[in-house]
Amino acid sequence: MKIFNKIMALVLVAGLSLGLSACGSSSKSDKTASKNDDSVLVVGFDQNFPPFGYKNKKGKYVGFDIEAAKACAKEMGVDIKLQPIDWDSKDMELESGTIDCIWNGFTINGREKKYTWTEPYMNNYQVFVVKSDSGINTMADLKDKNVEVQKESSAETAINDDKDLKSSFAQYTSVADYNTAMMDLDSGAADAVAMDYFVALDQTKGKDQFKILDDKLSQEQYAVGFEKGNTKLRDKVQKAMKKMVKDGTYAKLSEKYFGDNVVVLSAD
């Protein structure tokens, strides 16, 4: 009887092991299938980055890059899934296959070798936003001031690259998003916020208490970023983007969000 019980126990363990192995294999297969699903374009973006990507009053994701991505997916003949992400987790999201690309005012400069990129579609530069009555008129006036940036942003990279400028600040803080930074600026917790020029235009629109300094921290370009080596999907997206330039879709979106056609991508 004892021998019989031992045999049955071994059979049950073996069966359980096979079941777990099968489950593990299925999970891995599902993840791979999801990552390589050609029928859906999963776009990662920062939902607190107007006018490129944000949630409107109705709770819908909108913005220049959001609309461009939707038009691109339609041109490609695929569905689109908009996936908001924490900006400082973007690499993990891309590498794990949770998203197919990063499309949200994503700067090429300084990241050229880290991702596979489309051709740039916009020029941009980093600027400082301050209170209009702060007495701060140039970057030199930021000496002994409290400055904030978004974590993992191009502004943070630009400031870190300028050691003299950074060391002149009384305090330098990275925050989760620009909405937080602007609230700190408005309350006096920060004296200046470094950010993308087009984001600064949106953040200061209709708000006379803020101004953008004329001094430019750095110049750069925006493109769509993919996991390193994913040229297949990049080529499909870029082909669709160029068609959007040719048929005027990009120009219409640019006029809608910026009042002018600021798109630099060519249709050839």
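Colleague: Let's kick off with Asp144: is this residue buried or exposed?

Modeller: Keep in mind that this is a predicted model, where local features need pLDDT of at least 70, side-chain atom pairs count only at pLDDT 80 or more, and totals for chains, interfaces and linings use all residues. Residues are numbered from 1 along each chain as its sequence is written, and side-chain values use heavy atoms, with hydrogens and water left out. Asp144 sits in the loop between strand E8 (122-131) and strand E9 (146-150); helices (H or I, at least four residues) and strands (E, at least two) are DSSP runs, numbered from the N terminus. Buried means under 20% relative accessible area, exposed over 50%, and partly exposed in between (1.4 Å probe, protein chains only), so Asp144, at 55% relative accessibility, counts as exposed.

Colleague: And what is the phi of Asp144, roughly?

Modeller: Asp144 is not a glycine, yet its phi is positive. The value for Asp144 is about 65 degrees.

Colleague: Which other residue, not a glycine, has a positive phi near 65 degrees?

Modeller: Look at the loop between E9 and helix H4 (154-161). The residue there is partly exposed, with a relative accessible area of 34%, and it also lines the largest cavity. The positive phi near 65 degrees belongs to Glu152.

Colleague: Since you bring up the cavity, how much space lies in it?

Modeller: A search of the whole structure turns up one cavity of 30 Å³ or more. On a 1 Å grid over the protein atoms alone, a cavity is a set of points where a 1.4 Å probe fits but cannot get out, while a pocket is an open set with protein on both sides within 12 Å along at least five of seven lines; lining residues have an atom within 4 Å of a point. Grid points are joined across faces, edges and corners, and a volume is the space filled by probe spheres set on the points. For the largest cavity that comes to about 60 Å³.

Colleague: How many charged residues are in the lining of that largest cavity?

Modeller: The lining residues include Phe49, Trp87, Arg111, Glu152 and Asp196. Ala, Val, Leu, Ile, Met, Phe, Trp, Tyr, Cys and Pro count as nonpolar, Asp, Glu, Lys and Arg as charged, and the others, Gly among them, as polar. By those classes the lining has three nonpolar and five polar residues, and the charged ones number three.

Colleague: What about the second largest pocket: how many charged residues line that one?

Modeller: This pocket has a volume of about 160 Å³. Among the residues that line it are Asp46, Asp86, Asp88, Gln150, Lys151 and Asp177. Four nonpolar and three polar residues are in the lining, and the charged count is five.

Colleague: Gln150 is in E9, so which residue in E10 stands opposite Gln150?

Modeller: Four of the five residues of E9 are buried, so the strand is largely enclosed by the rest of the structure. E9 pairs in the parallel sense with strand E10 (residues 171-175) over five bridges; two strands pair if DSSP finds at least two bridges between them. Opposite Gln150 in E10 stands Val175.

Colleague: And in E11, which residue is the bridge partner of Val147?

Modeller: E9 also pairs in the parallel sense with strand E11 (residues 192-196), over two bridges. The partner of Val147 there is Ala192.

Colleague: On to salt bridges: how far apart in sequence are the parts that Lys114 and Asp91 tie together?

Modeller: The structure holds nine salt bridges, each a side-chain nitrogen of Lys or Arg within 4 Å of a carboxyl oxygen of Asp or Glu. Lys114 and Asp91 make one of them, at 2.9 Å from N to O. Lys114 lies in the loop between strand E6 (101-102) and strand E7 (116-117) and Asp91 in helix H3 (residues 90-96), so in sequence the two parts are apart by 23 residues.

Colleague: Which residues are joined into one network by salt bridges that share partners?

Modeller: Start with Asp268 and Lys242, whose closest N and O atoms are 3.6 Å apart. Asp268 lies in the segment after helix H9 (249-258) and Lys242 in helix H8 (residues 231-246), so the pair ties together parts 26 residues apart in sequence. At 72% relative accessibility Asp268 counts as exposed, whereas Lys242 is buried at 10%. Shared partners make one network of Glu119, Lys242 and Asp268.
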